[in-house]
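I set out to record what I looked up in this structure, one topic to an entry. The sequence and the model come before the entries.

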Amino acid sequence: MSEEKKIHENVIIGSGPAGYTAAIYAARAGMNPILFTGSEPGGQLMITTDVENYPGYPDGIMGPQMMEEFRKQAERFGTEVRYEMITDVDFNDEVKKIRTEAGEEIHAHTVVIATGASAKWLGLPSEEKLMNKGVSACAVCDGFFFKGQDVIVVGGGDTAAEEATYLAKLCTKVHLLVRRDEMRASKIMQERVIKQDNIIVHWNTSTEEILGEDSVIGAKVVNNKTGETSTIDATGFFVAIGHKPNTSIFKGILHMDDLGYLITKPDSTKTNIEGVFASGDAQDRIYRQAVTAAGTGCMAALEAERLLAEKGII
Ligand code: NDP
């Protein structure tokens, strides 16, 4: 006789602030959540230094430490954290099916998606060729290798400003390439960039090619106003131009916008499929903050709980 497959009350996909907050709420509500961390446990905050804008940490907290605390809090109430990747989902029936990288099929009444977003790349052939040979999207992970050297950072947002100021403490010179004549970064972050003597901002500047064969030796750049090209010497090249949502496994299943962000009903985390809720950076193209991700993770768990209660499952 075949054993009937267990149907879990709640499965959470993703382990950033949205996923762990959903887990804390779901676990405390008796939904016995299983949380799949994906390939980058802790999400984007694992590659951040000081988080200074999350309430409750007046002196700031390091991103990885904060995520460790989120995880512990989720586990304290009984969340089962599994360090696995979800590669496939089937949301056609009332019971949702989720397949792990190892091929295991998990059944659940409700699913919270909190798969977050990942760094974007410039798309240059030279970028791909020199990936991890001087090209990086994470100053905190790789900055150390360029101690006492000159590096380039591309981007004009808060990420680029943060990466540039972080690298300025380690490196001799940081060349910040901003493609327009202004930065998108918040005022306070821009001020930090300007204050740092060894950050040289190159306005209206784009990268044509990253130079080097086996390791980065510099970049060929172009001034977008004058068309003039020049070369900047550097051994590290950090791309900090934003992120894209990690939603490809839901393509054709869940409604998403032109950039791939999951679409949820107004004032809700409900997707177009009953029982499937979307939270965090995977559905938020506007705010993309740890605190807003945590907020929507909370909403998703509460909405899942309500649905399970309506159906008499919990
Ligand atoms: P953003 O989308 O805010 O900024 C991306 C930057 O990269 C823009 O300046 C953009 O230029 C530039 N860019 C995009 N594509 C290219 C390209 N192909 N070549 C050159 N430059 C390019 O992304 P961020 O990751 O910086 O920030 C995302 C969100 O996270 C924001 O809301 C931000 O405030 C937040 N954040 C907050 C932090 C904090 O508070 N500590 C730290 C990091 C992020 P253009 O302006 O011309 O479009």
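The entries below cover a helix, the cysteines, the open and closed spaces, and single residues.

**Entry 1. The model.** I note at the start that this is a predicted model.

**Entry 2. Helix α5.** I looked up the extent of α5 and found that it runs over residues 158–170, which makes 13 residues. From its first C-alpha to its last, α5 reaches 19 Å, close to the 18 Å expected at 1.5 Å a residue. I then asked which residues of α5 are buried. They are Ala160, Ala161, Glu163, Ala164, Thr165, Leu167 and Ala168. I keep in mind that an α-helix has 3.6 residues a turn, so residues three or four places apart point the same way. Next I looked up the packing partners of these buried residues. Among the helices, I recorded α4 (139–142) and α6 (187–195). Among the strands, I recorded β11 (150–154), β12 (173–177), β13 (199–202) and β17 (236–239).

**Entry 3. Cysteines.** I asked how many disulfides the model has. The count comes to 0. I examined cysteine 171, whose closest cysteine sulfur belongs to cysteine 138. The two sulfurs are 13 Å apart, which is too far for a bond, because a disulfide requires sulfur atoms within 2.5 Å. Cysteine 171 is buried, with a relative accessible area of 5%. Cysteine 298 also counts as buried, at 16% relative accessibility.

**Entry 4. The cavity.** I looked for closed spaces and found 1 cavity of 30 Å³ or more. The largest cavity has a volume of about 50 Å³. Its lining includes Glu94, Lys96, His109, Thr110, Leu307 and Leu308. The elements that give two or more residues to this lining are β8 (105–113) and α7. By class, I recorded 3 nonpolar, 3 polar and 4 charged residues in the lining of the largest cavity.

**Entry 5. The second largest pocket.** I recorded a volume of about 290 Å³ for the second largest pocket. Its lining has 18 residues. I asked which of them lie nearest the centre of the pocket, and they are Thr264, Gln283, Asp284, Arg285 and Ile286. By class, the lining of this pocket has 8 nonpolar, 5 polar and 5 charged residues.

**Entry 6. Threonine 264.** I followed this pocket residue further. Threonine 264 lies in the loop between β18 (243–245) and β19 (276–278). Is threonine 264 buried or exposed? I found a relative accessible area of 18%, so threonine 264 is buried, because the limit for that class is under 20%. Not counting residues up to four places away in sequence, threonine 264 touches Thr269, Lys270, Ala278 and Gln283. Its C-alpha is 8.7 Å from that of serine 279, with the two residues 15 apart in sequence.

**Entry 7. Alanine 293.** I located alanine 293 in helix α7 (residues 290–310). Alanine 293 is buried, with a relative accessible area of 7%. Its contacts, leaving aside neighbours within four places in sequence, are with Pro17, Ala18 and Gly280. I also looked up glutamate 104, which is 189 residues from alanine 293 along the chain, and their C-alpha atoms are separated by 28 Å.

**Entry 8. Threonine 100.** I placed threonine 100 in strand β7 (residues 96–100). Threonine 100 counts as buried, at 1% relative accessibility. Apart from neighbours within four places in sequence, threonine 100 is in contact with Phe36, Arg82, Glu84, Met85, Ile86, Thr87 and Ile106.

Note on methods: Residues are numbered from 1 along each chain as its sequence is written. This is a predicted model: local features need pLDDT of at least 70, side-chain atom pairs count only at pLDDT 80 or more; totals for chains, interfaces and linings use all residues. Side-chain values use heavy atoms; hydrogens and water are left out. Helices (H or I, at least four residues) and strands (E, at least two) are DSSP runs, numbered from the N terminus. Buried means under 20% relative accessible area, exposed over 50%, partly exposed in between (1.4 Å probe, protein chains only). Contact means heavy atoms within 4.5 Å. On a 1 Å grid over the protein atoms alone, a cavity is a set of points where a 1.4 Å probe fits but cannot get out, and a pocket is an open set with protein on both sides within 12 Å along at least five of seven lines; lining residues have an atom within 4 Å of a point. Grid points are joined across faces, edges and corners, and a volume is the space filled by probe spheres set on the points. Ala, Val, Leu, Ile, Met, Phe, Trp, Tyr, Cys and Pro count as nonpolar, Asp, Glu, Lys and Arg as charged, and the others, Gly among them, as polar. The expected span of a helix is 1.5 Å times one less than its number of residues.
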